[in-house]
Amino acid sequence: PTGVYIEVASGAIGDGTSQLTVNAAEINLAAGGQIGFGLAGAGPTAIANAPAIRSNVTINAPVITANGGSNANPSSLFSGVLPTHATGRPFATGQGGDLDITTQHLTLTNGAQLIASTFSAGDAGNLTIHDAATVEVRGFNAGGPSSIVSASEVPFAGSGGQLTINTDRLVVADGGQVSVNTVSASSAGNLTVRASPGVASQSIELRGGAAAGRSGLFAGTNFSTGAGGNIHLDTEQLSLSEGATINVSNFPSRQPGPPPGTGPAG
């Protein structure tokens, strides 16, 4: 896809210091355009009892919009431990990078995504949205829902990262989803939404759905033995309508979907 990205290739060893920073007045992603960091190789050797060494993707823009996708590629901001498709290539074992986003207005529509996930043995990084006025996640396309995701995506993958959204107003509608999930033996991260507590006009609004799934906030452990994550919401106003949901379980959020998990729910 068209993109701005850093990649540690399969078989390569990153040092955990890769930094991708974008400062702009406005970022507009469409037709599968992407900005992010992918790790398909190894990372630095961990030091006992030391914090993980992570690369970072830092996005600073007052307005960020992402719409739709192209084929299997959603328009997206991402940081991920990538799948390895080539025969004989080692699995990715390094730590995924953190994705930090500072914006006033973030809008994802028609299947666009923010994603910090792992598709291989390494753990995913964390995804944080800082002090936004509005975050809107709306719509669905053939590739899936508009979404903000931190997940362990395949059966042999590492742990999911933490997903934190700080905003005045969060709207998830028309099949959009915000989720922390695991389909592996590794644990999912936790989902925290802080909608400016103490200010009466601030809110979390979940509304409606699409044919393939409900709008909502999800923490799941599907088709796996891994532990599901927790959901923590801090807001003055919480609104759910037209079939939207907050789902913390080991059952899938859509049908047909993956089989239920056997790991504990958050």
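Modeller: A residue is buried when its relative accessible area is under 20%. In this predicted model, 50% of the 266 residues count as buried.

Biologist: Why is Glu205 called buried or exposed, whichever it is?

Modeller: Glu205 has a relative accessibility of 19%. The cut-off for buried is under 20%, so Glu205 counts as buried.

Biologist: What makes the class of Arg169 what it is?

Modeller: Arg169 has 33% relative accessibility. Partly exposed is the range between the 20% and 50% cut-offs, so Arg169 counts as partly exposed. Arg207, with a relative accessible area of 22%, is also partly exposed. The class of Arg138 is partly exposed too, at 26% relative accessibility.

Biologist: Why is the contact between Glu205 and Arg169 called a salt bridge?

Modeller: The closest N and O atoms of Glu205 and Arg169 are 3.3 Å apart. The limit is within 4 Å, from a side-chain nitrogen of Lys or Arg to a carboxyl oxygen of Asp or Glu, so the pair qualifies.

Biologist: What does this pair tie together?

Modeller: Glu205 lies in strand E20 (residues 203-207) and Arg169 in strand E17 (residues 163-173). The pair therefore ties together parts that are 36 residues apart in sequence.

Biologist: How many salt bridges does the structure hold?

Modeller: The structure holds three. Arg207 and Glu205 meet in one of them, at 2.4 Å from N to O. The side chains of Arg138 and Glu136 meet in another, at 2.9 Å.

Biologist: What makes Arg169, Glu205 and Arg207 one network?

Modeller: Salt bridges with shared partners join these residues. Glu205 bridges to Arg169, and Glu205 also bridges to Arg207.

Biologist: Which strands make up the open sheet?

Modeller: There are eight, in the order E1-E4-E9-E12-E16-E18-E23-E26, and their pairing is parallel. From one strand to the next, the twist averages 5 degrees.

Biologist: Why are strands E1 and E26 called edge strands?

Modeller: Strand E1 (3-8) and strand E26 (245-249) each pair on one side only.

Biologist: How do you know that E1 pairs with strand E4?

Modeller: Pairing needs at least two bridges. Six bridges join E1 to strand E4 (residues 34-39), so the strands pair. One of the bridge partners in E4 is Gln34, opposite Gly3.

Biologist: What is in the largest nonpolar core?

Modeller: That core has 43 residues, and those with the most contacts inside it include Leu77, Leu114, Ile129 and Ile148. Strand E13 (residues 127-138) gives the most to this core, with five residues. Setting aside residues up to four places away in sequence, Leu114 touches Leu77, Ile129 and Ile148, among others.

Biologist: Why might such residues sit together?

Modeller: In soluble globular proteins, nonpolar side chains tend to be buried together.

Biologist: What makes the protein as compact as a globular protein of its length?

Modeller: Its radius of gyration is 17 Å, and the globule rule gives 18 Å for 266 residues. The two values are close, so the protein is as compact as a globular protein of that length. The protein has zero helices and 26 strands, and its C-alpha trace spans about 50 × 45 × 40 Å along the principal axes.

Definitions and conventions
Residues are numbered from 1 along each chain as its sequence is written. This is a predicted model: local features need pLDDT of at least 70, side-chain atom pairs count only at pLDDT 80 or more; totals for chains, interfaces and linings use all residues. Side-chain values use heavy atoms; hydrogens and water are left out. Helices (H or I, at least four residues) and strands (E, at least two) are DSSP runs, numbered from the N terminus. Axes are lines fitted to C-alpha atoms, for helices over the stretch in contact, and angles run from 0 to 180 degrees between N-to-C directions. Buried means under 20% relative accessible area, exposed over 50%, partly exposed in between (1.4 Å probe, protein chains only). A nonpolar core is a set of buried Ala, Val, Leu, Ile, Met, Phe, Trp, Tyr and Cys residues joined through side-chain atoms within 4.5 Å. Contact means heavy atoms within 4.5 Å. The radius of gyration is taken over C-alpha atoms; the globule rule is 2.2 Å times the number of residues to the power 0.38.
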